[in-house]
There are 2 protein chains.
Amino acid sequence: MTRQELIQRIQQQRSYLCVGLDTDLNKIPEKFRSMRYPLFEFNKAIIDATRDYCVAYKPNVAFYEAYGSDGWKQLEMTEAYIPETHFKIADAKRGDIGNTSKRYAAAFFEHMQFDSITVAPYMGEDSVAPFLEFDNKWVILLAHTSNKGSADFQLMQEDGVTLYEKVLEKASQWGNPDNLMFVVGATHPESFDVVRKIVPKHFLLVPGVGAQGGDLAAVTQHGSNDDCGLLVNSTRQIIYASSGNDFDRAAAESAAAVQQEMSRHLSSIGL
Amino acid sequence: MTRQELIQRIQQQRSYLCVGLDTDLNKIPEKFRSMRYPLFEFNKAIIDATRDYCVAYKPNVAFYEAYGSDGWKQLEMTEAYIPETHFKIADAKRGDIGNTSKRYAAAFFEHMQFDSITVAPYMGEDSVAPFLEFDNKWVILLAHTSNKGSADFQLMQEDGVTLYEKVLEKASQWGNPDNLMFVVGATHPESFDVVRKIVPKHFLLVPGVGAQGGDLAAVTQHGSNDDCGLLVNSTRQIIYASSGNDFDRAAAESAAAVQQEMSRHLSSIGL
């Protein structure tokens, strides 16, 4: 999906919601557990219930990988089921030396048809570049993550510049706003102003709203740009909105409520 | 595998060689390509040929993942085939927020029975800690990697301390020499002296000897400790020693030559 197509989708749906598919066998309704492909069947119902309210889906690969090749098969089935109208994010946080990152890119961009993959920057340019060589595919690079441990290394400073700022600066020379986004956690609203000074044009993928405590209004106020420039992820608040057999209706209601709030925020920033 | 068992294996085999199983369909002999499980069948032959000369095997997950669930099945088969006498490393470079890292740990330590997994430190303590909660399982944390891009962020300095030194310092408070190793590339022999000042006891996993240009004698001289404390990886030099049907004999000869050199180095450091 191109940048222009993504921007159009956001304007048409009046939403910049990404639904996280971190599907956990222990948290989905009982009835799925006896099925041959429980993770996929649950995801299918969630996608059917929420597709009108979001513009992106983001399966976190760990939740499939935990079941080995069988889980991977359900990840493949899930990717294939996500409508072409929606931006597909493989939340994989991969990254390795060049010839190895090429193989990860083959997994997510050739074997499967994800639009984007999250990548960890620790190993530097040659670990990121192979993912940037595909037309209309995206790297979503970790910058300032939403978790407590983000303070351990990401805030290290050299000459007043933090590691995550250095990641933004260096990586924006490797890619451009058409093939590179950054992860900035909603739990650090103060860092969005800093981020936007360095990368005014790039899209940001924002986890941490909802269960992790981030605030959507603050994220939008400090993080948006003229194209919206945000994909805000919500997972637990939507896919586990109910643990009963009404889970899909509850997910739709929860996603619709977020979409309505997002529509208001889009108006408030003139979109 | 415990630290003591690993040290005993090194002394018995007179080797600290780890064979990398970065198995690429385009590089293995023609005859495997028509088989149902070509990556596994090739690995099986390599393991049979080299097991007497090495103490560890390290499949890089990307090379399996490139083929999706079918590749993952062959990774599972490979893990199951590696003898219990050998230390099993999943070279996966994973790392995510706490509840997600737990799922990655489930994949490699419960669904499969790897002894260890490589982890990227960018997201900090809560992304690493879940992997340290398993008895006799190991985290192998990226510190100073062997690739060119390692200079982009790992050498950033705060008050004279580089990022990779900070990773060594912080992480050695999260784990201990019985459950935590570090990756230090053979392409930076000068950094081993620095590393050993910070983590004198920990094992180091050393990639970059052979195809990437690192020197085994220099690595051993600067990086070893009283227990040897090194696992030196070699991949292409061994598994692709010949592209013909004599690939297994060639792999055995190449591994045996490295083992003989390692045996001499062990004698020279009094082991």
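1. Start with how the two chains are related. In this predicted model, turning chain B by 180°, with 0.0 Å of shift along the rotation axis, lays it over chain A with an RMSD of 0.0 Å. That is the relation of a two-fold axis. The same surface serves both copies, too: 100% of the contact residues of chain B recur in chain A.

2. Now look at where the chains touch. On one side there are 47 residues of chain B, and they are in contact with 48 residues of chain A. Several elements of chain B give two or more residues to its side, among them helix H3 (62-65), helix H4 (68-81), strand S6 (157-158) and helix H8 (163-174). Which element gives the largest share of the side of chain B that touches chain A? That would be H5(B), with seven residues. If you sort chain B's side by residue type, you get 20 nonpolar, 14 polar and 13 charged residues.

3. Next, pick out strand S3 of chain B, residues 87-94. Eight of its eight residues are buried, so the strand is largely enclosed by the rest of the structure. You can check this face by face. One side carries Phe87(B), Ile89(B), Asp91(B) and Lys93(B), the other Lys88(B), Ala90(B), Ala92(B) and Arg94(B), and all of them are buried. Notice that charged residues such as Asp91(B) and Lys93(B) are on that buried list as well.

4. What does S3(B) pair with? One partner is strand S2 of chain B (residues 56-59), in the parallel sense over two bridges. Within that pairing, Tyr57(B) has Lys88(B) as its bridge partner. Another partner is strand S4 of chain B (residues 116-119), again parallel, this time over three bridges. There, Ala90(B) stands opposite Ile117(B). To get from S3(B) to S4(B), the chain passes through H5(B), and this β-α-β crossover is right-handed. So follow H5(B) twice: it is part of this crossover, and H5(B) also gives seven residues to the side that touches chain A.

5. Finally, hop over to chain A and find helix H8, residues 163-174. Its twelve residues reach 17 Å from the first C-alpha to the last, close to the 16 Å expected at 1.5 Å a residue. Which residues of H8(A) are buried? They are Leu163(A), Tyr164(A), Glu165(A), Lys166(A), Val167(A), Leu168(A), Ala171(A) and Trp174(A). While you have the helix on screen, keep one rule in mind: an α-helix has 3.6 residues a turn, so residues three or four places apart point the same way. Try it on Leu168(A), Ala171(A) and Trp174(A), which are all on the buried list.

Methods: Residues are numbered from 1 along each chain as its sequence is written. Chains are lettered from A and ligands numbered from 1 in the order in which they are written. This is a predicted model: local features need pLDDT of at least 70, side-chain atom pairs count only at pLDDT 80 or more; totals for chains, interfaces and linings use all residues. Copies are superposed by least squares on the C-alpha atoms of residues with pLDDT of at least 70 in both. Two residues are in contact if their C-beta atoms, placed from the backbone, lie within 7 Å. Helices (H or I, at least four residues) and strands (E, at least two) are DSSP runs, numbered from the N terminus. A residue is buried if 20 or more other C-beta atoms lie within 10 Å of its own, exposed if 12 or fewer, and partly exposed in between; C-beta atoms are placed from the backbone. Two strands pair if DSSP finds at least two bridges between them. A crossover is right-handed if, with the strands pointing away from the viewer, the path from the first strand over the helix to the second runs clockwise. The expected span of a helix is 1.5 Å times one less than its number of residues.
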